[in-house]
Every structure is written in C-alpha cells, then in structure tokens.
Amino acid sequence: DTGIMGDVSDPYVVVKFGDTEQKTPTINDDLNPIWKEGNQFQFRFGQNEAMLNFKVMNSNYMQDDSLGFFDLDIRTLKPEQRCNFKVPLLDGKGAELEI
C-alpha cells in the first residue's frame, strides 16, 4: 500500500530460524516503521542451520501481503558482536530493512 488512495501499509516483520518463527507487532499506517519494542528475538542455533529469514508483511483484513524479504547467513556475523546494517528487500520495490 503506497498511500496513493489514502491507504498505507500496516507492516510487521516475521523472523524465522529453523522451525522457530517470531514476529514484531504491527505498526498501522506507516510506510517507514520503526519498531521500538517487540523487536528482539532469541533463537536456538543448531549445527545445520545457518539462514535467518526476514519477511516484511502488510497486515490486511482478508489476507496479508508480502512487502519483501531478506535472508541472512549467520555464519557471516562475528560472534558476540552487535551489528547494524541496511539491506534491500528482495521483491520489495526499493524498500530496505534496517537490522
């Protein structure tokens, strides 16, 4: 939803690692949301799992729509170190996700 007809996105992010899936709260009517709470997750890391999947969704009454996604290979991260970066969302029409 772009806001052209008065309706803007109601985004939330689904984060999946292995069989565990968690999500942020929905932020209504916001094209540039910032999650100040409900955005920290804990996952159990197994030896065979390496991909952390981020899917940005738009909450709708009937069916939620994808706004884009990003997959992060956790083997590229340094242990015990905080990181912060922006990534372009695949199928996101120019949208980015800041992690």
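**A six-stranded chain and its largest pocket**

User: In this predicted model, what percentage of the 99 residues of the protein chain count as buried?

Analyst: A residue is taken as buried when its relative accessible area is under 20%. Applied to the 99 residues of the protein chain in this predicted model, that cut-off gives a buried share of 27%.

User: How many helices and strands are there in the protein chain, and in what order do its elements run?

Analyst: The protein chain holds zero helices and six strands. Read from the N terminus on, its elements therefore follow one another, with helices and strands being numbered as runs, in the order β-β-β-β-β-β.

User: Among contacts between residues at least 6 apart in sequence, what percentage join residues at least 24 apart?

Analyst: Two residues are in contact here when they have heavy atoms within 4.5 Å. Among such contacts in the protein chain between residues at least 6 apart in sequence, the share that joins residues at least 24 apart is 35%.

User: Which residues lie closest to the centre of the largest pocket?

Analyst: The largest pocket has a volume of about 2000 Å³. Its lining is made up of 47 residues, and the closest to the centre are N39, F54, L97, E98 and I99.

User: Which elements give two or more residues to the lining of the largest pocket?

Analyst: By class, this lining has 24 nonpolar, 12 polar and 11 charged residues. The elements that supply two or more residues to the lining are β1 (11–17), β3 (51–58), β4 (65–73) and β6 (96–98).

Definitions and conventions: Residues are numbered from 1 along each chain as its sequence is written. This is a predicted model: local features need pLDDT of at least 70, side-chain atom pairs count only at pLDDT 80 or more; totals for chains, interfaces and linings use all residues. Side-chain values use heavy atoms; hydrogens and water are left out. On a 1 Å grid over the protein atoms alone, a cavity is a set of points where a 1.4 Å probe fits but cannot get out, and a pocket is an open set with protein on both sides within 12 Å along at least five of seven lines; lining residues have an atom within 4 Å of a point. Grid points are joined across faces, edges and corners, and a volume is the space filled by probe spheres set on the points. Helices (H or I, at least four residues) and strands (E, at least two) are DSSP runs, numbered from the N terminus. Ala, Val, Leu, Ile, Met, Phe, Trp, Tyr, Cys and Pro count as nonpolar, Asp, Glu, Lys and Arg as charged, and the others, Gly among them, as polar. Buried means under 20% relative accessible area, exposed over 50%, partly exposed in between (1.4 Å probe, protein chains only).
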